[in-house]
Amino acid sequence: GKKAPAGSGTDANGAKKLVFGFSQVGSESGWRAANTKSIQDAAKAAGFELKFSDAQQKQENQIAAIRTFIQQKVDVIGFSPVVVTGWDTVLKEAKAAGIPVILTDRAIDTQDKTLYKTFIGSDFVKEGTAAGQWLVDAEKSATGTVNIAELEGTTGSAPAIDRKKGFEDMVLKDPRFKLVADQTGDFTRAKGKEVMTAFLKAHKDINILFAHNDDMAMGAIQAIEEAGLKPGKDIRIVSIDGVKDAFQAMVDGKIEVVVECNPLIGPQVMDLVRKLKDKAEVPARVESKEGVFTKDKAAAELPNRQY
Ligand code: GYE
């Protein structure tokens with residue numbers, strides 16, 4: 001018989017490609033840009049048809065995208081949930097349609113663990129704890145109060161909730177450490193700068209900034225410099241992600257330490273997608289590997305950074 005022409009839905013042999021519907025959070029950060037590229041490259045390499053949708057950090061957009069994927073009868077649905085709550089209804093719809101769901105990067109809060117097949121991503125509590133551990137060690141011999149400002153990620157998102165918890169549980173049990181300001185900067189540079197500017201107006205005595213991601217830290221560095229202060233000297237900064245810009249800022253002495261969060265999970269995601277399509281067993285939780293980099297290691301690592 002005649003082969004169907006290879007189009008977007010078929011491979012070179014005319015066979016139907018696996019269709020993966022993926023709802024991305026948005027394009028809020030350097031981490032996210034690297035994550036999107038990793039997902040797109042890996043889907044291509046796997047020979048899947050990727051239906052990619054950007055939710056612009058809005059839950060209603062993600063719910064609408066998932067409903068569209070259900071209507072389109074995709075083989076597997078993946079999404080990186082912007083917030084932890086409010087997913088049960090749409091996930092029940094996916095389950096009723098027999099479409100397996102994979103959570104990538106961020107977890108959700110639900111009583112019903114049958115609503116998704118697996119979750120691949122980082123342990124954000126661990127990342128917050130590592131940031132806190134650095135601070136505890138760095139200030140071991142401090143005699144006075146250490147005033148901390150915290151730039152939080154998107155309100156209600158797993159990384160914002162868990163990084164805050166990991167960090168504060170580690171640090172605030174010691175009465176020398178005082179949290180003087182905390183507010184969301186929505187994981188963006190612009191908001192990080194805006195909120196840090198407000199922090200600096202309200203508090204003259206901030207010693208430490210904990211930023212839930214590098215982009216907010218980069219925005220805050222601008223705010224600190226515009227206020228006539230020296231990041232890395234007047235205010236020491238710890239952040240999370242490990243994007244190139246943050247490594248450069250460490251080399252420049254402006255950030256003290258970065259806890260790595262690995263966005264390059266595309267290949268692992270596609271392995272899981274293939275297994276779900278084949279109805280093979282998958283682990284309920286797949287954790288990404290990551291490290292902690294202090295500024296003395298930044299120059300050596302900078303050329304190796306892929307994002
Ligand atoms: O840290 C931040 C991004 O969910 C781990 O989202 C991700 C976080 C990441 O906007 O930069």
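Helix α4, formed by residues 124–138, lies across four strands, namely β8, β9 (236–241), β10 (257–260) and β12. Relative to β9, helix α4 runs at about 160 degrees. The model in which this arrangement appears is a predicted one.

The four strands crossed by helix α4 belong to an open sheet of six strands, ordered β7-β6-β8-β9-β10-β12. The pairing in this sheet is mixed. Its edges are held by β7 (177–184) and β12 (292–294); each has a single partner strand, so one side of each is left without a neighbour in the sheet. On average, and with direction ignored, neighbouring strands here are turned by 15 degrees against each other. Within this sheet, β6 (residues 146–152) and β8 (residues 208–211) pair in the parallel sense, with four bridges between them. In β8, the residue opposite I148 is I208.

A further open sheet of six strands follows the order β2-β1-β3-β4-β5-β11, and its pairing is parallel. Here the edge positions belong to β2 (49–54) and β11 (285–287), each of which has a single partner strand, so one side of each is left without a neighbour in the sheet. From one strand to the next, the twist averages 15 degrees.

Strand β5 (residues 118–121) pairs in the parallel sense with strand β4 (residues 101–104) over three bridges. I102 has T118 as its bridge partner in β5, and T104 stands opposite I120 of the same strand, β5. β5 also pairs with β11, again in the parallel sense and over three bridges. For this pair, G121 has E287 in β11 as its bridge partner. Both faces of β5 are covered. On one side T118 and I120 are buried, and on the other side F119 and G121 are buried.

The ligand is surrounded by 13 residues, and the closest are S29, W31, P159, F187 and N213. Two elements, α1 (30–46) and β9, give two or more residues to this shell. Strand β9 therefore has a place in two descriptions: β9 is among the strands that helix α4 lies across, and β9 contributes to the shell around the ligand. Sorted by class, the shell comprises five nonpolar, two polar and six charged residues.I70 is located in helix α2 (residues 59–71). Is this residue buried, exposed or partly exposed? I70 has 18 other C-beta atoms within 10 Å, and because a buried residue needs 20 or more and an exposed one has 12 or fewer, I70 is partly exposed. Leaving aside residues up to four places away in sequence, I70 touches E93, A94, A97 and I99. I70 and K230 are 160 residues apart along the chain, and a distance of 52 Å separates their C-alpha atoms.

As for the confidence of the prediction, the mean pLDDT of the protein is 96. A pLDDT of 70 or more is reached by 97% of its residues. For the complex, the predictor gives an ipTM of 0.99 and a pTM of 0.95.

Conventions
Residues numbered from 1 in each chain as written. Predicted model: local features only at pLDDT ≥ 70, side-chain atom pairs only at ≥ 80, totals over all residues. Contact = placed C-beta atoms within 7 Å. Pairing = 2+ DSSP bridges. Axes fitted to C-alpha atoms, helices over the stretch in contact; angles between N-to-C directions. Near = placed C-beta within 6 Å. Nonpolar A, V, L, I, M, F, W, Y, C, P; charged D, E, K, R; others polar. pLDDT = per-residue confidence, 0-100.
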